[in-house]
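Good morning, everyone, and thank you for making time for this short talk. Please have the sequence and the structure open while I speak, and stop me if a term is unfamiliar.

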There are 4 protein chains.
Amino acid sequence: MSNAVRAAIIGATGYGGAEVIRLLQAHPFVQITSVISTSSAGTPLADHFPHLQEIVVDILDELNVELIAGKADVVFLATPAGVSAELSPKLLAAGLKVIDISGDLRLKSREDYEKWYKRTAAPEAALEQAVYGLAEVFGDEVKGSELIANPGCYPTATLLGLIPAVKAGWIDPSTIIIDAKSGVSGAGRGVGLGTHYAEVNENFSAYKVNKHQHIPEIEQALSRVAGHPVVTTFTTHLVPMTRGIMSTMYATVIGEHSTEAFTELYRQFYEGRKFVRVRNSGKMPATKEVSGSNYCDIGFAVDERTGRVTIVSVIDNVVKGAAGQAIQNLNLMMGWDETTGLLFAPVYP
Amino acid sequence: MSNAVRAAIIGATGYGGAEVIRLLQAHPFVQITSVISTSSAGTPLADHFPHLQEIVVDILDELNVELIAGKADVVFLATPAGVSAELSPKLLAAGLKVIDISGDLRLKSREDYEKWYKRTAAPEAALEQAVYGLAEVFGDEVKGSELIANPGCYPTATLLGLIPAVKAGWIDPSTIIIDAKSGVSGAGRGVGLGTHYAEVNENFSAYKVNKHQHIPEIEQALSRVAGHPVVTTFTTHLVPMTRGIMSTMYATVIGEHSTEAFTELYRQFYEGRKFVRVRNSGKMPATKEVSGSNYCDIGFAVDERTGRVTIVSVIDNVVKGAAGQAIQNLNLMMGWDETTGLLFAPVYP
Amino acid sequence: MSNAVRAAIIGATGYGGAEVIRLLQAHPFVQITSVISTSSAGTPLADHFPHLQEIVVDILDELNVELIAGKADVVFLATPAGVSAELSPKLLAAGLKVIDISGDLRLKSREDYEKWYKRTAAPEAALEQAVYGLAEVFGDEVKGSELIANPGCYPTATLLGLIPAVKAGWIDPSTIIIDAKSGVSGAGRGVGLGTHYAEVNENFSAYKVNKHQHIPEIEQALSRVAGHPVVTTFTTHLVPMTRGIMSTMYATVIGEHSTEAFTELYRQFYEGRKFVRVRNSGKMPATKEVSGSNYCDIGFAVDERTGRVTIVSVIDNVVKGAAGQAIQNLNLMMGWDETTGLLFAPVYP
Amino acid sequence: MSNAVRAAIIGATGYGGAEVIRLLQAHPFVQITSVISTSSAGTPLADHFPHLQEIVVDILDELNVELIAGKADVVFLATPAGVSAELSPKLLAAGLKVIDISGDLRLKSREDYEKWYKRTAAPEAALEQAVYGLAEVFGDEVKGSELIANPGCYPTATLLGLIPAVKAGWIDPSTIIIDAKSGVSGAGRGVGLGTHYAEVNENFSAYKVNKHQHIPEIEQALSRVAGHPVVTTFTTHLVPMTRGIMSTMYATVIGEHSTEAFTELYRQFYEGRKFVRVRNSGKMPATKEVSGSNYCDIGFAVDERTGRVTIVSVIDNVVKGAAGQAIQNLNLMMGWDETTGLLFAPVYP
């Protein structure tokens, strides 16, 4: 791969970083040249992730912009909140393309960021430059961009499930209720009682009700599509499984539209986009049916008794909700087919 | 226990029956005198449930009304749909008290039953006689009754979470959306691809969307409490865990009521009822915190941005959602304290 | 319960302590009068364990020997290694009975303790006074004792499965190989990558191979029973489940003994001891069949091809492997029936 | 892929067949031309496996040798016991290469097959022709063969873990004890109480003790390598997870060989074979570290106290234990690099 694009991954000892590595290792046009960890520089990656033994370049690099610029063409940031706000401008200045998987650059409003994330927002310039990389909706803006704010996991599942209906005016945005569920990997690799096996296993819990930082991200995109401010009810739950997100979404239907009609509307909206699979009318997707893959599967049920539609959207939070969509965005940035290196089937069972 | 009430359990090789056995075995005033199975009569119960070896009367009886009448005072029916519709009148005629854990006698409208269950409804007389045993709400009617229609698992969690607010007029019934999740034991012990470990594990799925037979049961009770017909959106999901139900419920608040106010309203409503525990303001319960017990725990979050309240209610579907509430109803029927034999703590972790 | 024995639990915010609370709460002769935590004194227990809300005395006491002596007759120590070595003598001096669930007082050899636990051993006097409370084997010594070293979880399952055969001289102790598996609750409530849900779920791993601190405990008891030093191979594995231990044990049979003969031998050995259930010949127990209960179930398979017997023994590590056996020991200490308050059925499924 | 090798998969609605499809779909030199099911011919594959929607040729073909011969060059048999014994000769006669993932052609002794499988063995000629495809050990025989008996899942993990030590004479074969554990997918997609979620979840059980049909397969290979008959103790356990096998193996060491020496011995034995990863000295692999991949990871611990070595070997039972090794064998048969299409990283977490 002498002409391969060279990639560096910052935050390689976390789940998001490890997944970027797993996926890039199978990408035909990319070569991983640096795996980076601030806390563990100098140690072998395989000490942290034995599953990667003998698979990729092994010793973790320190976080040094010059070093990265000498080794890589593109950088994936799989870092905790606050890091990329500061780091992205420097990486861009050094001539690197940047794909930020953290939430730092997603909200255009600094005020919103500071309210929901409870920390200082990124500089205005970075926020302006960053393109929100919901590939199937805003992919045209991704092409040619140098800085991508990769969407959050919940927003990806939710927005792909809602946007066609909102855009078509088939549902009343003010009635949208989103009941979302996620596997535990979404909480990251940091330790805490909330991710302790014996606390999570055989348990189902709601968390951050009305307080999740993905709420403004969802509303920002829905408002843009609707053309007016949209406020939603959004609840997150923790499922005793490792991977997977389901958003179950409810809204009042405007006009008369059957389940079949919704199915057709979405198929047209996503025509030619391989990673969104609209299920046959009346069939609902399950999270495992996209596990390990970059697919987002969507199903519908219109209820004549209540006048509401129920929309179910599922993704693998680590792939389509993070690393996979990041690479899909890289493909778009580079002018490659968006599916390059990502057309592997879900792992089932 | 010479004066003990003698109990027979029909359907002892299913999960509901086994749980009645587990709980009654620790009840101070009841003795199990017959465990009954139509398909496995004559075989040892421990062949089907090794965990019960050396614990209860072992050989399974056949289903014979006279035999039961000679051995027992009360009968628990943990039977598939259709059995108790036919069997209950005979058991009553033989002088037995009957607690039906199946869905056959819950719906007062034969039409509704036939529409949602897709089978012939029970005789009008049985339906009229049956008392809907949602203990904390309709317990007064249970006292002195001979025939109990024990509530379904989803309706129990849902109704205990909604009724105080509906009764108080604090939420608009027409806006209620119920997003419910259940562990796999709710599907019973019958085998099928839908309960195959490799299909369910690491998976989260929606099922019977807008078609679940618990919808009319929930609407019947809500309509009764509201004083007018209530129609709801109700979605069921399968969680990769064995026990537990959570109902996450959404409704538009009528008037100004804070999370604290909801907490207080519910504490007053359930005062003196030990099995409903209202969480401190803003805290949400998790299913594991009631696992193995007869508790129903409830929490609230009012969102000023949307004007909606989110109510979370959890139970153990096999206990409070089936066997435990059945015994609570027996306690009420017999004039005992409703908590007799049921005040054990949840099993955690 | 005016004449109830008053119990204090030290380490109430851990899993062992919480299980002592759960079980004592249902004990007819015991009243919990103090729940103690060094790190969280003054806070409500329900803040740490919401499942115990409204169930027991709530505010956590500090660890103060005088305070405990004024409130309690017996103390359960569910504390990390090192605590009870120091604390037990003081509690005994204050006139309290002490049941130590930690490993500090189990090994009679201070040298062994220091080699395997890698910390200073308890004073000689405490070690001499402590009775090793493997109830079904050494229960006679427990009666009248003031200080119990409650057996470890792995040793309980393993020793109950091996001792009758070793004592009868039916197996060659030098050939014993123990392949043990445990649920994650055995690791306690402390957080770490090793108990992170996403690391443990869908994973099966071996740990501390040949290095587990339960090895000398097992060998000490086997040597005592065999009458000569016994050295064993013992491997521990982590199972993606919360509760349960299985020891699969292999040994060369001495003489001709069939599976049936082993079954009979064990039934005679454990005659009258309700918590050991020997399975019918050829049937193997599963961990779930004892979950939540104080039972230990054992099965056998003699293989004529190899001349070896395979013995499978299962317990709930938190009950029979910790809190349940501790209360069984309290019953023996007090002269009560050993099953008092413990005869509840396993929770299945 | 005009020059692609054309592949047919018989048994496409089972887990083994689905995994062959998943892996071949990413293979650069192979094109799936027919997916076959006797029971579901004519229906879309995506009705059975929604995760494959829009990914491969969809309508299931009937099982017809002529049809297959016209469409394919190679056939994968992912069929129940008994099918390939009869079918393989016909497929070979039609000019197809055959890779049999079932157990029908693995045992050279028809007597052994009939004793352990309890059904009629395959014809002598087929057994003679079939090459036992344990790729890293007998790969040379695979090259140029037309008929492969793909090894069983347990034998693959076990034999890769034992053969180097047996061949080197470092362990005494008569002392080998194999304690094996498998995820539930190994039981296939057929429904039954033994794979019911509520029975398996939070449970750990032993099954088919001394009776598993993989025993003669393991002994056949060990005997061949040792040069004399080897009899082993082999126990299988069911782990509450979907994928993964661990074999924990015990044997008495002959001579003085440290953990480091074993590590080195195995590294030399498997030099150049990418799919066996020997862990650094003293590190033990976990099943999740190979999940979804074709790797087999191995670790060692020699215990000076007992003179035994403990060897831990892990694979993904559906990949290296079935579909992955089958494709590895196809690669060898075709003269391609054995890693072609299989060098993807494990899916973690």
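Let me begin with two of the chains: chain C is superposed on chain B by a rotation of 180° with 0.0 Å of shift along the axis, and the RMSD is 0.0 Å. That is the relation of a two-fold axis. I should say at once that what you see is a predicted model, so please keep that in mind throughout. In general, two copies of a chain are related by a rotation about an axis together with a shift along it. As for the surfaces involved, 100% of the interface residues of chain C are interface residues in chain B as well, so the copies meet through the same surface.

Next, please turn to chain D and its helix packing. At what angle do the axes of helix 8 and helix 12 of chain D cross? Helix 8, residues 153–168, and helix 12, residues 319–334, have axes that come within 8 Å and cross at roughly 95°, and these two helices of chain D are therefore roughly perpendicular to each other. On the side of helix 8 of chain D we find D:Cys153, D:Thr156 and D:Leu160, which meet D:Lys320, D:Gly321 and D:Gln325 in helix 12 of chain D. Sorted by character, the residues of this contact are two nonpolar, three polar and one charged.

Now to the backbone, where a general remark will help: most residues other than glycine have a negative phi, and most peptide bonds are trans. With that in mind, look at C:Tyr348 and C:Pro349, which are joined by a cis peptide bond with omega at about 0°; C:Pro349 belongs to the segment after helix 12 of chain C. In chain D, a cis peptide bond with omega of about 0° joins D:Tyr348 and D:Pro349, and D:Pro349 is in the segment after helix 12 of chain D.

Which sign does phi have at C:Glu202? The value is positive, near 55°, in a residue other than glycine, and C:Glu202 sits in the loop between helix 9 and strand 8 of chain C. Its relative accessible area is 13%, so C:Glu202 is buried, the cut-off for that word being under 20%.

Finally, C:Lys208 is not a glycine either, yet its phi is positive, at about 45°. You will find C:Lys208 in the loop between strand 8 and helix 10 of chain C, where this lysine is partly exposed, with a relative accessible area of 41%.

Note on methods. Residues are numbered from 1 along each chain as its sequence is written. Chains are lettered from A and ligands numbered from 1 in the order in which they are written. This is a predicted model: local features need pLDDT of at least 70, side-chain atom pairs count only at pLDDT 80 or more; totals for chains, interfaces and linings use all residues. Side-chain values use heavy atoms; hydrogens and water are left out. Axes are lines fitted to C-alpha atoms, for helices over the stretch in contact, and angles run from 0 to 180 degrees between N-to-C directions. Helices (H or I, at least four residues) and strands (E, at least two) are DSSP runs, numbered from the N terminus. Angles under 35 degrees count as roughly parallel, over 145 as roughly antiparallel, 65 to 115 as roughly perpendicular and the rest as oblique. Contact means heavy atoms within 4.5 Å. Ala, Val, Leu, Ile, Met, Phe, Trp, Tyr, Cys and Pro count as nonpolar, Asp, Glu, Lys and Arg as charged, and the others, Gly among them, as polar. Buried means under 20% relative accessible area, exposed over 50%, partly exposed in between (1.4 Å probe, protein chains only). Copies are superposed by least squares on the C-alpha atoms of residues with pLDDT of at least 70 in both.
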